Amino acid sequence: MSALLYDPDCGFCTRAAQVLARWPVTCEVAPMTPDRLTAAGVDAQRADREIPFVDDAGQVSYGAAAIAAALADAVKLDTVSGLGEEAEAARTRILARTGR
């Protein structure tokens, strides 16, 4: 299963993860731990600076690309926001940028 790993000691990161977890994402949204980073093949030093996302194939992306990948894993954004066509257009752009 894909996972977005956030820094549990960062208030902003924790709050953002809580918000994202309420969306219909299919990825796991989980706090970073040394064991989890090692198991996923995440560069711990880089993860201290940029949030990592590990996809189903084990590929790791960081920072804005990681957030985009997590959002691309979302089921349908319009089920969250009620924006319908605008949300679906945004989702399509995210998917295109992440190559999905």
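Reader: What does the secondary structure of this protein come to?
Author: Six helices and four strands. Keep in mind that this is a predicted model. Going along the sequence, the pattern reads β-α-β-α-α-β-β-α-α-α.

Reader: Why are strand 1 and strand 2 called a pair?
Author: Two strands pair if there are at least two bridges between them. Strand 1 (residues 3-6) and strand 2 (residues 28-31) have four bridges, in the parallel sense, so they meet that cut-off. One of the links is easy to find: Leu-5 has Ala-30 in strand 2 as its bridge partner.

Reader: And what makes strand 1 and strand 3 a pair?
Author: Here the count is two bridges, in the antiparallel sense, with strand 3 covering residues 52-54. At least two bridges are needed, so this count qualifies too. Look for Ala-3, which stands opposite Val-54 in strand 3.

Reader: What do strand 1, helix 1 and strand 2 make?
Author: They make a β-α-β unit, and a right-handed one. The name right-handed is used because, with the strands pointing away from you, the path from the first strand over the helix to the second runs clockwise. Helix 1 spans residues 11-22, and Gln-18 is found in it. From Gln-18 to Val-29 it is eleven residues in sequence and 8.3 Å in space, C-alpha to C-alpha.

Reader: Why is Gln-18 called partly exposed?
Author: Its relative accessible area is 41%. Buried means under 20% and exposed means over 50%, so a value in between gets the label partly exposed.

Reader: What makes Asp-73 buried, then?
Author: Asp-73 has a relative accessible area of 13%. The cut-off for buried is under 20%, so that value passes. You'll find Asp-73 in the loop between helix 4 (64-72) and helix 5. Its C-alpha lies 9.3 Å from that of Asp-55, with the two positions 18 residues apart along the chain.

Reader: Which residues cover the faces of strand 1?
Author: Ala-3 and Leu-5 sit on one side, Leu-4 and Tyr-6 on the other, and all of them are buried. Over the 100 residues of the protein, buried ones make up 33%.

Reader: Why is the contact between Glu-28 and Arg-36 called a salt bridge?
Author: Their closest N and O atoms are 3.7 Å apart. The limit is 4 Å, so the pair counts. Side chains of opposite charge can pair when their charged atoms come close. Glu-28 is partly exposed at 32%, and Arg-36 is partly exposed at 29%.

Reader: How do you know that Arg-46 and Glu-50 meet in a salt bridge?
Author: Try the rule again: the N to O distance is 2.7 Å, and the rule asks for a distance within 4 Å, so the label fits. Arg-46 has a relative accessible area of 33% and Glu-50 one of 26%; each is partly exposed. The count comes to two salt bridges.

Reader: How many disulfides does the count come to?
Author: Zero. A disulfide needs two cysteine sulfur atoms within 2.5 Å, so a count of zero says that no pair meets the rule. As for cysteines you can look up, Cys-10 is partly exposed at 22% relative accessibility, and Cys-13 is partly exposed at 23%.

Reader: Which helix has the lowest mean pLDDT, and which the highest?
Author: Helix 5 (residues 78-81) has the lowest, at 48, and helix 3 (residues 44-47) has the highest, at 96. Over residues 76-80 pLDDT stays under 50, and the model has twelve contacts for them beyond four places in sequence. Where pLDDT is low, the predicted coordinates should not be read in detail. The protein as a whole averages a pLDDT of 83, with 81% of the residues scoring at least 70.

Reader: What share of the contacts with a separation of 6 or more comes from residues 24 or more positions apart?
Author: That share is 52%.

Methods
Residues are numbered from 1 along each chain as its sequence is written. This is a predicted model: local features need pLDDT of at least 70, side-chain atom pairs count only at pLDDT 80 or more; totals for chains, interfaces and linings use all residues. Side-chain values use heavy atoms; hydrogens and water are left out. pLDDT is the predictor's confidence in each residue, from 0 to 100. Contact means heavy atoms within 4.5 Å. Buried means under 20% relative accessible area, exposed over 50%, partly exposed in between (1.4 Å probe, protein chains only). A salt bridge is a side-chain nitrogen of Lys or Arg within 4 Å of a carboxyl oxygen of Asp or Glu.
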